[in-house]
Amino acid sequence: MPSMLDAVVVGAGPNGLTAAVELARRGLAVEVYEAAGAIGGGARTEELTLPGFRHDPCSAVHPLGVGSPAFEAMPLAEHGLQWLHPGLPLAHPFPDGSAAVLSRLVGDTAAALGPRDAGAYRRLLAPFHGKWPVLARDFLRTQWDGLPKDPLLYARFGLWAGQPASLLVRRFRDAKARALFAGLAAHGIAPLTGLGTGGMAMVFALAAHERGWPVPRGGSQSIADALASYLRSQGGTVHTGFEVKRLDDLPPARAYVFDTSPTALARIAGLGNAYRGYRYGPSVFKVDYALSAPVPWTSEAARRAGTVHVGPTYREIGDALSAAVHGRDPSVPFLITAQPSLIDPGRAPAGKHTFWVYGHVPNGWTGDATELIERQIERFAPGFRDLVLARAVQGPPQLAARNANYVGGDIATGSVAGLRLLIRPKLARVPYATAHPAVFLCSSATPPGPGVHGMSGHHAARAVWRRLRG
Ligand SMILES: Cc1cc2nc3c(=O)[nH]c(=O)nc-3n(C[C@H](O)[C@H](O)[C@H](O)COP(=O)(O)OP(=O)(O)OC[C@H]3O[C@@H](n4cnc5c(N)ncnc54)[C@H](O)[C@@H]3O)c2cc1C
């Protein structure tokens, strides 16, 4: 071990590993320290239920991963990462057995919405089709740090993206298109009336048309494993089972990069009240199922989609989000579900399946939403319960115990409501830097926020590089 490392990274989540890779690739001596027994953070895969059933306890579907400029610039395929695409990225079924779908093509998606809304969908998305590389670079960053690559495109997209989903859906005449958009916006876990929630929906829709909504072969762990393998090939080292409690726990280094919550960073690095105003958002109730057969969706489209949104109307989805945000118990949850074993049969024994589901609940909620979730699935897939071989549930306390970054079970490591997606962890030109000149933050508590895309790690690594070069 060199007497003085160039950089120590605390936390081996997608952002920590990306930061480590980008620094090691520049020839720096880098070590990563991870509290859990295995690397990955939100990109893990485990046998949570029965032998042979490989579940993703956190992230499962990766539109932002496959479309990440940071990941695209790394040879991750050579390190075992293989993206598998479902026949259909997303289905949003309705009680009558029909579905809105998000397909790889703008035209097919528009057509499935029916003649009254096809034109509106096309007019909204088609102008940005083919422009993902520029849009991803311009939006997956701190918005005020440097000029956008294509200012005109940035302004045009920003005009729509800044709107609340509640305003954007007024372009659509039918309930199905509105429900589809609400479901996409709900990935942000913020009220649909919030600024930028329309942009959330547009980014996820555009990602489907540009790059798809794939799952990694073998599970989300493959993303973390590929990053770590590439890191080792660049001379980096990863230690697991090492919870960092104080800066003194770590070897001497020129820079310390934290893939942690801002609260933990302040505690560990002695930054006092630096992030006192930082707010955490709602949580989710997660259930992983081992099934004896695929989910018996009434909708044919849902039976071949990688992701299925369960929430029949804009109103129902909005109410579910609002309850979680305002601390009310869930009653009819909106569900984001994924069917990885349909695309990657190795996730379960022959003929059997894994099924991934979460619904939104308040931060710190201690109830059990299993019954509510299964009642909701049964509305769209009668007979579902008969297929359940085993289930593993994680409410907010279990999520927080799994990963210290999920404060109160907040899977985004910080509220994304209002301007908080842009201004995180607090207003600063370089939000990755801290008051301590050698200490940096790289987690999803920094722009561009949650998701397995490594872009926070990428931008933090650039800030570290600039500082070390003087
Ligand atoms: C249920 C659920 C579903 C999700 N679904 C998706 C999805 O489908 N697609 C998607 O793109 N995203 C999804 N996400 C979000 C995604 O997982 C996160 O946004 C992403 O993992 C954030 O990456 P990160 O590197 O910032 O932090 P994390 O992935 O949280 O990693 C942080 C790491 O730091 C470690 N750590 C923390 N404190 C310390 C310490 N003191 N010492 C040492 N190590 C420490 C943690 O153990 C952890 O390994 C989901 C998350 C959850 C929980």
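The structure holds one cavity of 30 Å³ or more. The model is a predicted one. This report takes the cavity, then the second largest pocket, then the surroundings of the ligand.

**The cavity**

The volume of the largest cavity is about 30 Å³. Its lining is made up of Leu291, Pro294, Val295, Gln339, Ser341, Leu342, His353, Thr354 and Phe355. By class, five of these residues are nonpolar and four are polar, with no charged residue in the lining. Two elements, α14 (340–343) and β12, each contribute at least two residues to the lining of this cavity. The strand β12 gives the most, with three residues.

**The second largest pocket**

The second largest pocket has a volume of about 320 Å³. Its lining counts 14 residues, and those closest to the pocket centre are Arg137, Arg141, Asp145, His459 and Arg462. Two or more lining residues come from each of α6 (132–139) and α17 (455–468). The helix α17 gives the most to this lining, with five residues. Seven residues of the lining are charged, four are polar and three are nonpolar. Domain 1 (5–45 + 67–82 + 218–277 + 414–468) and domain 2 (83–214 + 281–401) each provide at least three residues of the lining of this pocket.

**The ligand**

The ligand is surrounded by 35 residues, of which the closest are Glu34, Gly42, Asp259, Asn403 and Gly451. In this shell, 18 residues are nonpolar, 13 are polar and four are charged. The elements α1 (14–24) and β12 (353–361) each supply at least two residues of the shell. The largest share, three residues, comes from α1. The strand β12 thus appears again here, as it gives residues both to the shell around the ligand and to the lining of the largest cavity.

Both domain 1 and domain 2 give residues to the shell around the ligand, so the ligand shell lies between them.

Backbone atoms of the protein also approach oxygen atoms of the ligand, as the table lists.

| Residue | Protein atom | Ligand atom | Distance |
|---|---|---|---|
| Glycine 41 | backbone N or O | oxygen | 3.4 Å |
| Alanine 60 | backbone N or O | oxygen | 3.1 Å |
| Glycine 451 | polar backbone atom | oxygen | 2.7 Å |

Taken alone, the ligand exposes 1,000 Å², and the protein buries 94% of that area. Glycine 451, with its polar backbone atom at 2.7 Å from a ligand oxygen, is also one of the closest residues in the shell.

How values were computed:
Residues are numbered from 1 along each chain as its sequence is written. This is a predicted model: local features need pLDDT of at least 70, side-chain atom pairs count only at pLDDT 80 or more; totals for chains, interfaces and linings use all residues. Side-chain values use heavy atoms; hydrogens and water are left out. A residue is near a molecule or strand if one of its heavy atoms lies within 4 Å of it. A polar contact is a pair of N or O atoms within 3.5 Å; within protein, one must be able to donate a hydrogen and the other to accept it, and residues adjacent in sequence count only if both atoms are side-chain atoms. Accessible areas come from the Shrake-Rupley method with a 1.4 Å probe; for residues, only the protein chains shown count as cover. Helices (H or I, at least four residues) and strands (E, at least two) are DSSP runs, numbered from the N terminus. Ala, Val, Leu, Ile, Met, Phe, Trp, Tyr, Cys and Pro count as nonpolar, Asp, Glu, Lys and Arg as charged, and the others, Gly among them, as polar. Domain bounds come from an automatic or database domain assignment. On a 1 Å grid over the protein atoms alone, a cavity is a set of points where a 1.4 Å probe fits but cannot get out, and a pocket is an open set with protein on both sides within 12 Å along at least five of seven lines; lining residues have an atom within 4 Å of a point. Grid points are joined across faces, edges and corners, and a volume is the space filled by probe spheres set on the points.
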